[in-house]
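Me: I am new to this structure. Please walk me through the reasoning behind the terms used for it.

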Amino acid sequence: MRRSSSAGRPAAGGRAPRQRAGDAEQLGFEGMPERLFVCTPSKLGAYADCPRRYRYSYVDRPAPPKGPPWAHNSLGASVHTALKNWYALPADRRRPEALATLLKGTWVREGYRDDEQERAAYRRALGWLEAYVETLEPDSDPLGVERVVAVKTAVLAFNGRADRIDSRPGPEGPELVIVDYKTGRTGLDTDDARGSQALALYAYAAERVFRRPCRRVELHHLPTGTVAGHDHTVESLARQLTRAEETARDIMAAERAVADGADADEAFPVAPSPRCGWCDFRRHCPTGAQAPGKEPWAAMDRPADG
């Protein structure tokens, strides 16, 4: 942000200007609470997968340029947006024949090998959507579609955008359900739903935003038409929240270390894995650069991916 030419001069009336966040010297007061770590599921997930990738994404400025867009991400984004727009239609227009227009209007073309692969991906996605909406009740509106939920704890200021939040009958009244659409790998099961920190944080936040119980989380895999679900308890949500807070503390400690002069590579070490070949920052990471790189369309050639 551009500073005013009057920065550093007393304001009218002889008052000194308020010190800005980010200035070289900051006033501190003993006993003040530590700043909250502002985060999303993707931000926490980036650090959990590889601290070095987190640093490239969120710490280094300017950030290293990413590689080319991925076709499987384009496909997933297109399907997600088409479903969002499906629910934006009046109930009497939510018919399978509307999907082709919706998908064309949201289609992201980046990353595909050629026109033939892109056309095949479009036909595949349209088939998923047509089969999926047959399982939906056109007259039933979710409580939220692409809904942002947020919550603060002693450590976190969390916010995230849930694909869908349903309200379903429960034994003691309406209960919320977090629904997450998946278009990638197959084989999703209850363990994936139970272990998803993102889904648990969505549920924790939604319960506080809407003041209704939210314990059920579901992964809806469009390529196979399967649903992997899990019913959390208060205790299991608390455990996931604790894990997220521990990750946040680790991140803040690493960021403070770098600010105090520590080596950034040591504060944010690389975590080599098969994911290195798919990393947006592989070319800038000495370790990642040793892994064979994937073509932007590579996932489209794997039967398990969409």
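Me: What makes a residue a contact of arginine 164, and which residues does arginine 164 touch?

Reply: This is a predicted model. Contact means heavy atoms within 4.5 Å. Leaving aside residues up to four places away in sequence, arginine 164 touches Tyr87, Tyr132, Leu136, Pro142, Gly144, Val145, Val177, Ile178, Val179, Tyr181 and His220. Arginine 164 itself sits in strand 3.

Me: Is arginine 164 called buried or exposed, and why?

Reply: Buried means under 20% relative accessible area. Arginine 164 has 4% relative accessibility, so arginine 164 counts as buried.

Me: Why are helix 1 and helix 2 called oblique to each other?

Reply: Helix 1 covers residues 41-49 and helix 2 covers residues 51-59. They pack at an angle of about 135 degrees, and their axes are 5 Å apart. Roughly perpendicular ends at 115 degrees, and roughly antiparallel needs over 145. The angle of about 135 degrees fits neither, so the two helices are oblique.

Me: Which residues make that contact?

Reply: Helix 1 gives Ser42, Lys43, Gly45, Ala46, Tyr47 and Asp49. Helix 2 gives Pro51, Arg53, Tyr54 and Tyr58. By class, the contact has five nonpolar, two polar and three charged residues.

Me: How do you know that strand 2 and strand 3 pair?

Reply: Pairing takes at least two bridges. Eight bridges join strand 2 (residues 144-152) to strand 3 (residues 156-170), so they pair. The two strands run antiparallel. They form a hairpin with three residues between them. Lysine 152 stands opposite alanine 157 in strand 3.

Me: Why does cysteine 50 form no disulfide?

Reply: A disulfide needs two cysteine sulfur atoms within 2.5 Å. The closest cysteine sulfur to that of cysteine 50 is in cysteine 285, 6.3 Å away, so the gap is too far for a bond. The structure holds zero disulfides.

Me: What makes cysteine 279 partly exposed, and cysteine 50 buried?

Reply: The range for partly exposed lies between 20% and 50%. Cysteine 279 has a relative accessible area of 21%, so cysteine 279 is partly exposed. Cysteine 50 has 11%, under the 20% limit, and is therefore buried.

Me: Why is arginine 211 called exposed?

Reply: Exposed means over 50% relative accessible area. Arginine 211 has 75% relative accessibility, so arginine 211 counts as exposed. Arginine 211 is in the loop between helix 7 (197-210) and strand 5 (214-221). Its phi is positive, about 55 degrees, although arginine 211 is not a glycine.

Note on methods. Residues numbered from 1 in each chain as written. Predicted model: local features only at pLDDT ≥ 70, side-chain atom pairs only at ≥ 80, totals over all residues. Heavy atoms only, no water. Axes fitted to C-alpha atoms, helices over the stretch in contact; angles between N-to-C directions. Helix = DSSP H or I, 4+ residues; strand = E, 2+ residues; numbered from the N terminus. Parallel < 35°, antiparallel > 145°, perpendicular 65-115°, else oblique. Nonpolar A, V, L, I, M, F, W, Y, C, P; charged D, E, K, R; others polar. Buried < 20%, exposed > 50% of the residue type's maximum accessible area, 1.4 Å probe, protein only.
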